[in-house]
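Here's a quick briefing to read alongside the model. Have the sequence and the 3D view open as you go.

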Amino acid sequence: MTDPTLIQTIRASSRLMVRELGFMNTTLAATEYSPSAVHTLLEVASHDGMTAAQLVQILGLEKSSVSRMLGKLIKAGELTEVPSTQDARVKQLVLTDQGKITVARINEYGTSQVITALAHLTGQQQQAVAQGLASYAGALKARRDQAEMGPEIAITTGYQPGLIGRVAEMHGRYYAQHHGFGHFFEGKVATGLAEFAGRLDVPRNQIWVASQQGSIVGSVAIDGEDLGNNQAHLRWFILDDGCRGAGVGRKLLSAAMAFCDAQAFSAVQLWTFSGLDAARRLYESFGFTLTQEWQGDQWGKSMLEQQFTREAK
């Protein structure tokens, strides 16, 4: 059990920090903007552009609140919306020239606050503060991530009733919304997965399913047969929108890669297309590298298709 005195000390210190940093005021960092607006400008700057949906997730605010705030910042000339280079229907928020000047002033003000405060501490105390704040902030985020995940998500293997339809549905909905795919793509997913399900008795084939309260919210499969040459094919990696960014995809891929290593495949291949940046970063964190790019239409529309490879360790 955590020491009650320690808890009270942290709570009191947190309240003091909130006051001293100015979060009790209606505006922040020597600007005319609210704390949430200041955070928005900093996040857009640090990510070199982002969507409103991404801001909702990062800030932990209601969608309607973020929408109103963005409207004010756009009207004030701090932000503008531009079409995504990957999908013209998706709007990216970027800083205007005025917004860049505002962010520079915010950073200058924040840096000055930190430097002035650290001047009252020894070098050793400064290191302790930096490390302690980073650890505590990370723990607070982990707590929020866990809360947003809701009920625990279980990872299981093998076929279960409804699997083919549900995985095809998740693919169909996500790629129709974000990339304009239609019935051809969803049908291809369903047909391929149905065929693969009939081969799950082969030891080198497996599918991992993420479930929450009995509903399927994610999947990934390893097909150890279709490529030959002792190579595995990573297929049907998908997550429900409600559990994106909560670590479920990493758990699924971790299980799949452990399986591939145990089966001693010489390589794991996957095929995707340009623009799925979050998925690409996740693949690369597991050792995949981009090996080929070409213009193709295997998903029902012309895309810059990509092949990623993970060589055996």
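Which residue's side chain does Glu284 meet in a salt bridge? The partner is Arg280, at 2.9 Å from N to O. Keep in mind that this is a predicted model. With that pair as a way in, here's the rest, starting with the whole chain and working down to single residues.

**The chain overall**
- We're looking at 313 residues, and 34% of them count as buried.
- The fold is built from 10 helices and 9 strands.
- Along the principal axes, the C-alpha atoms fill a box of roughly 65 × 50 × 35 Å.
- If you take contacts between residues at least 6 apart in sequence, 58% of them join residues at least 24 apart.
- The accessible surface is about 17900 Å², and carbon and sulfur atoms own 54% of that.
- On the charge side, there are 28 positive and 30 negative side chains, with the centres of the two sets 5 Å apart.

**Salt bridges, starting with the helix pair**
- Searching the whole structure turns up 10 salt bridges.
- Side chains of opposite charge can pair when their charged atoms come close.
- Back to the opening pair: Glu284 and Arg280 both sit in helix α10 (residues 277-285), and because they are 4 residues apart there, about one helical turn separates them.
- Glu284 is partly exposed at 34% relative accessibility, and Arg280 is partly exposed too, at 28%.
- Elsewhere, salt bridges with shared partners tie Glu195, Arg199, Asp223, Glu225, Asp226 and Arg235 into one network.

**Salt bridges between distant parts of the chain**
- Within that network, Asp223 bridges to Arg235, with the closest N and O atoms 2.9 Å apart.
- That pair links strand β5, home of Asp223, to strand β6 (residues 231-239), home of Arg235, across 12 residues of sequence.
- Asp223 has a relative accessible area of 0%, so it counts as buried.
- Another one to click on is Arg310 with Asp261, where the side chains meet at 3.1 Å, N to O.
- Here strand β9 (residues 303-311) brings Arg310 and helix α9 (residues 248-263) brings Asp261, 49 residues apart.
- The two ends of this bridge aren't equally covered: Arg310 is buried at 5% relative accessibility, whereas Asp261 is partly exposed at 36%.

**Around strand β5**
- Ile222 lies in strand β5 (residues 215-223) and is buried, with 0% relative accessibility.
- The C-alpha atoms of Ile222 and Arg235 are 6.2 Å apart, although the residues are 13 positions from each other along the chain.
- Asn205 sits in the loop between α8 (183-197) and β4 (206-212).
- This loop residue, Asn205, is buried at 1% relative accessibility, because the cut-off for buried is under 20%.
- Apart from neighbours within four places in sequence, Asn205 is in contact with residues including Ile222, Asp223, Gly224 and Glu225.
- The contacts of Asn205 also include Phe196, Arg199, Leu200 and Phe259.

**A nonpolar patch on the surface**
- Met17, Val18, Leu21, Phe23, Met24, Leu121, Val129 and Leu133 make up a nonpolar surface patch, with about 640 Å² of accessible area together.
- Helices α1 (4-20) and α6 (123-149) each contribute at least two residues to the patch.
- One of the patch members, Val129, lies in helix α6 and counts as partly exposed at 34% relative accessibility.

Definitions and conventions: Residues numbered from 1 in each chain as written. Predicted model: local features only at pLDDT ≥ 70, side-chain atom pairs only at ≥ 80, totals over all residues. Heavy atoms only, no water. Buried < 20%, exposed > 50% of the residue type's maximum accessible area, 1.4 Å probe, protein only. Contact = heavy atoms within 4.5 Å. Areas by Shrake-Rupley, 256 points an atom, 1.4 Å probe, with all protein chains shown as cover. Lys, Arg positive; Asp, Glu negative; His and termini not counted. Charge placed at Lys NZ, Arg CZ, Asp CG, Glu CD. Patch = residues over 30% accessible without salt bridge, like charges linked within 9 Å, V, L, I, M, F, W, Y side chains within 5 Å. Salt bridge = Lys/Arg side-chain N within 4 Å of Asp/Glu carboxyl O.
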